[in-house]
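Visitor: I should like to understand how the terms used for a structure follow from its values. May we go through them one by one?

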Amino acid sequence: MIDSTKTLCPYCGVGCGLEALPPAQAGKATNRDKQGTPIWQVRGDRDHPSSQGMVCVKGATIAESLHKDRLQFPMMRESLDEPFRRVSWDEALDRVANQIQTVRSTQGADAVCMYGSGQLQTEDYYIAQKLIKGCLGTNNFDANSRLCMSSAVSGYIQSFGADGPPCCYDDLDETDCAFIAGSNLAECHPILFNRLRKHHKQDRTVKLVVIDPRCTATAEVADLHLAIKPGTDIDLFNGIAHLLLKWGKVDAAFIDEHTAHFSDLAVVIQHYSPDIVAHRCGISEEDLETAAKYWGDSKRVLSMWSMGLNQSSEGTAKVRALINLHLMTAQIGRPGAGPFSLTGQPNAMGGREAGGLSHLLPGYRLVNNPAHRAEVEQFWRLEPGAISATPGLTCWEMITGLEREEVGVLWVAATNPAVSMPDIERTKAALKRSPFTVYQDAYYPTETAAYAHVLLPAAQWSEKSGVMVNSERRVTLCPKFRSPPGQARADWAIFAEVGRRLGFTKEFAFNNAAEVYREFAQLTHGRPCDQSGISHVRLRAEGPLQWPLSGKTEDMPSELKAEGTRAKGARIEVEKLQEKKPAIQPAAITPQPSKRLYTDLRFHTPDGRARFAAYHSRGLAEPPDEGYPYVLTTGRLYGHWHTMTRTGRIEKIMKMHPNPFLEIHPRDAAAIGVKNDEWVEVRSRRGFVRLPVLVTKAIAPGTLFVPMHWGALWASHAEANALTHPACCPDSKQPELKACAVQVVPIDSKVASQKSELLSDDALMPLLSIRI
Ligand SMILES: Nc1nc2c(c(=O)[nH]1)N[C@H]1C(S)=C(S)[C@@H](COP(=O)(O)OP(=O)(O)OC[C@H]3O[C@@H](n4cnc5c(=O)[nH]c(N)nc54)[C@H](O)[C@@H]3O)O[C@H]1N2
Ligand SMILES: Nc1nc2c(c(=O)[nH]1)N[C@H]1C(S)=C(S)[C@@H](COP(=O)(O)OP(=O)(O)OC[C@H]3O[C@@H](n4cnc5c(=O)[nH]c(N)nc54)[C@H](O)[C@@H]3O)O[C@H]1N2
Ligand code: SF4
Ligand SMILES: [Mo]
């Protein structure tokens, strides 16, 4: 029998089930990589309900990255111009705890900031919230979801009264009409794309509409591709709403019984006649009408969106303008229908549930809601008022806080901001000024390590146990099946240990991740994201489970005692844990177990009605002008994952996408005077990149595209974020990473020295040198 482990792919939010097999199996040769290192084999888990055995190239090659260039030991230095020296965990953790203590007493708790990511597991997120928001009393925990899902979160909260995608993946097989807006499903959520595509091919009456300024691999298979000008989504959605109303394709009974504020929308959409909308969006009136007709004539409309809507200075308004269409036509709470935000990262969903943004608290609670704060304080057995009433800093506000010298400790975990934040030169300059930065990552080097005073080695997926939650609210246990390299530790265990060193011994008396999840799950009891019926034991026994799944706060099974890391000096008896019954009041809503939300058409607002939003379009924060005549957009490629910490170390993927490039329309290339593979310098008001051009009709004239993946370690002057700006949505505070104004000039290819393998960048490497 093969001793395999069932787990989840740790890349994208599709959350495909994986099965990992050890390098050596009875009767077979040991599986090794090209360098001869034994590596685990990974294949799709046929039993996983979300993916049914399918995986894409990223999931299939994950094992090849796990052992390469890992950060193995804690490292420290006094200042950024010194080399790192290896230190013990005790020394590193004491330094972190002392620095937090000093900054708290001199500058106050709000000078302490933590920046995490959707690649942390729920247990990591939960312990970080308890430490930062509960024990330290500052809400300065933000995650890279601010750059990713924040607009979807605020859109859902404002329209439905709570966060949480209402749909499930079965809807992809059951819809009559799929609207994919600002999402390159084929490259970024490939297994969902395959599923939808299969349905689309089998039933030719099913319509597929793609709204994207680029003709992506997703748009290529659409029945209708609306290549709108970047930033004109609200015009388009209001234009469709205008036509649906004009044609009487609205569900008046649904609007009347289950929604509020329709009349406000009706006033606004009067201004969006087809001629105006077609002109603003840069599409034909005919295509606009076809889109509205598909929507109006279909019984089951499913919309799916991701960064093309979220990463915008009007991200929340874009999301809500799309949700409006569902509310007008009662396309929600039924199979094959609903507004489905596709999550980017493997556990951005779990992060939202655990309260992992600076305005949130665990269990879909809000910092600015006094009742929510009181519930969490009671549950954590803190003094009333211990949780601050002020929302914390967003990740970009942490950068500007560094500029103003208001940040005393910056603790970054599982994200690489020196590549992924907007306006990267400004970000780097601020990071350079940080008095004390802790960087907790699995790999070394990474670009952000250059700005750290302390490096903490994190155990990653496969080396620690914890849960991740995918876009369809499905919770999967990712068990530990390999040992972490060197002295790397689980993120939650590192946060808990610092908590104990700060004197919060009983708050962090966890023996293992199962206990952490159990406490978190109890705190969701009675909340919209109720997972109090889920535990590690149950996930192990029954496989992945979807929330809401309410349960009584059961006693801890004895088998949990044995598992995982043991809290040093803080071991407490299981009996004592059981005594600490949570003092939590179930909220008014008792969620029903269901694979879809809102099937009863009651929303989480006080009156149970969903809210229409009446927004006019405002357009781009930095529109093109004479000096900077092109709109640059940024995004992803099929094989690479974000800042390439893993995929840059996988040969097959590097062969697939060896170099960064600039996509440009033939008309623009001719105007600039460049041919395919020739080099250009792209300049914005903030910085420049040097890239070879890929001349293609897949992009609209006037729009350019750069992949976001290449940071300073992987190519020189190719960072998309050298060009982007931090202007953000006023509600979600999500920056407009999808559009900025640029100019393009041809350059001699000799000027542009570029390598595809890890660079020994002259400026970066001294900062990264290590003394062991
Ligand atoms: N291969 C791969 N897959 C990934 C990731 C990865 O790094 N690599 N990352 C994961 C993560 S964290 C995320 S957030 C998702 C992102 O998934 P997606 O959002 O699908 O990916 P992006 O390429 O960032 O952007 C999607 C599309 O938005 C379009 N767009 C730009 N501006 C506009 C606009 O104004 N309106 C509209 N309608 N569209 C616009 C772009 O042309 C682009 O094709 O992918 C996840 N999956
Ligand atoms: N221009 C532009 N910029 C963008 C975007 C865009 O579309 N355009 N997209 C934005 C979006 S949506 C996102 S999500 C961000 C992504 O940006 P980042 O979060 O910066 O990207 P990653 O490369 O995924 O970084 C994750 C880091 O976590 C480490 N890691 C992996 N597992 C673990 C673990 O278990 N523990 C710890 N401690 N570390 C771990 C990895 O080694 C890696 O360094 O980029 C944003 N920036
Ligand atoms: S689609 Fe996403 S979750 Fe599935 S294998 Fe690919 S990267 Fe992993
Ligand atoms: Mo993301």
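Guide: A residue counts as near a molecule if one of its heavy atoms lies within 4 Å of it. By that rule, 33 residues surround ligand 1, and the closest are Asn-184, Asp-212, Gly-231, Arg-636 and His-640. Please bear in mind that this is a predicted model.

Visitor: What makes the approach of Asn-184 to ligand 1 a polar contact?

Guide: The cut-off is a pair of N or O atoms within 3.5 Å. A backbone N or O atom of Asn-184 lies 2.7 Å from an oxygen atom of ligand 1, so the pair satisfies the definition. Two side chains may be judged in the same manner: a polar atom of Arg-214 lies 2.8 Å from an oxygen atom of ligand 1, and one of Lys-738 lies 2.9 Å from an oxygen atom of this ligand. Of the 910 Å² that ligand 1 exposes when taken alone, the protein buries 99%.

Visitor: How do you know where ligand 1 lies with respect to domain 3 and domain 4?

Guide: Domain 3 (166-342) and domain 4 (630-768) both contribute residues to its shell, and therefore ligand 1 lies between them. Helix 6 (185-188), helix 14 (307-310) and strand 23 (630-635) each provide at least two residues of that shell. By class, the shell has 10 nonpolar, 15 polar and 8 charged residues.

Visitor: Which domains does one find on either side of ligand 2, and how is this concluded?

Guide: Residues of the shell around ligand 2 come from both domain 2 (75-148 + 347-588) and domain 4 (630-768), so ligand 2 lies between these domains. Its shell holds 32 residues, of which Asn-144, Ser-420, Asp-441, Thr-643 and Asn-721 come nearest. The largest share, 3 residues, is supplied by strand 17 (residues 437-441).

Visitor: What makes Asn-721 a polar partner of ligand 2?

Guide: A polar side-chain atom of Asn-721 lies 2.7 Å from a nitrogen atom of ligand 2, and the limit for such a pair is 3.5 Å, so the term applies. Thr-415 has a polar side-chain atom 2.8 Å from an oxygen atom of ligand 2, and Trp-641 has one 3.2 Å from an oxygen atom of ligand 2. On its own, ligand 2 has 920 Å² of accessible area, and the protein covers 99% of it.

Visitor: Why is Glu-472 called buried?

Guide: Buried means under 20% relative accessible area. Glu-472 has 2%, and therefore it is buried. This residue is found in the loop between strand 19 (466-469) and strand 20 (474-478). The side chain of Glu-472 makes a polar contact with the side chain of Ser-50 at 2.6 Å, and it reaches the backbone nitrogen of Tyr-169 at 2.8 Å.

Visitor: How do you know that the span of helix 7 agrees with expectation?

Guide: Helix 7 (residues 190-202) has 13 residues, which at 1.5 Å a residue should span 18 Å; the end C-alpha atoms are 18 Å apart, so the two values agree. Among the buried residues of this helix are Pro-190, Ile-191, Leu-192 and Phe-193.

Visitor: Which ligand has Pro-190 and Ile-191 around it?

Guide: Both are among the residues around ligand 3, together with others including Cys-9, Cys-12, Cys-16 and Cys-56. Helix 1 (57-61) and helix 7 each give at least two residues to the shell around ligand 3. That shell has 8 nonpolar, 2 polar and 1 charged residues.

Key
Residues are numbered from 1 along each chain as its sequence is written. Chains are lettered from A and ligands numbered from 1 in the order in which they are written. This is a predicted model: local features need pLDDT of at least 70, side-chain atom pairs count only at pLDDT 80 or more; totals for chains, interfaces and linings use all residues. Side-chain values use heavy atoms; hydrogens and water are left out. A polar contact is a pair of N or O atoms within 3.5 Å; within protein, one must be able to donate a hydrogen and the other to accept it, and residues adjacent in sequence count only if both atoms are side-chain atoms. Accessible areas come from the Shrake-Rupley method with a 1.4 Å probe; for residues, only the protein chains shown count as cover. Helices (H or I, at least four residues) and strands (E, at least two) are DSSP runs, numbered from the N terminus. Ala, Val, Leu, Ile, Met, Phe, Trp, Tyr, Cys and Pro count as nonpolar, Asp, Glu, Lys and Arg as charged, and the others, Gly among them, as polar. Domain bounds come from an automatic or database domain assignment. The expected span of a helix is 1.5 Å times one less than its number of residues. Buried means under 20% relative accessible area, exposed over 50%, partly exposed in between (1.4 Å probe, protein chains only).
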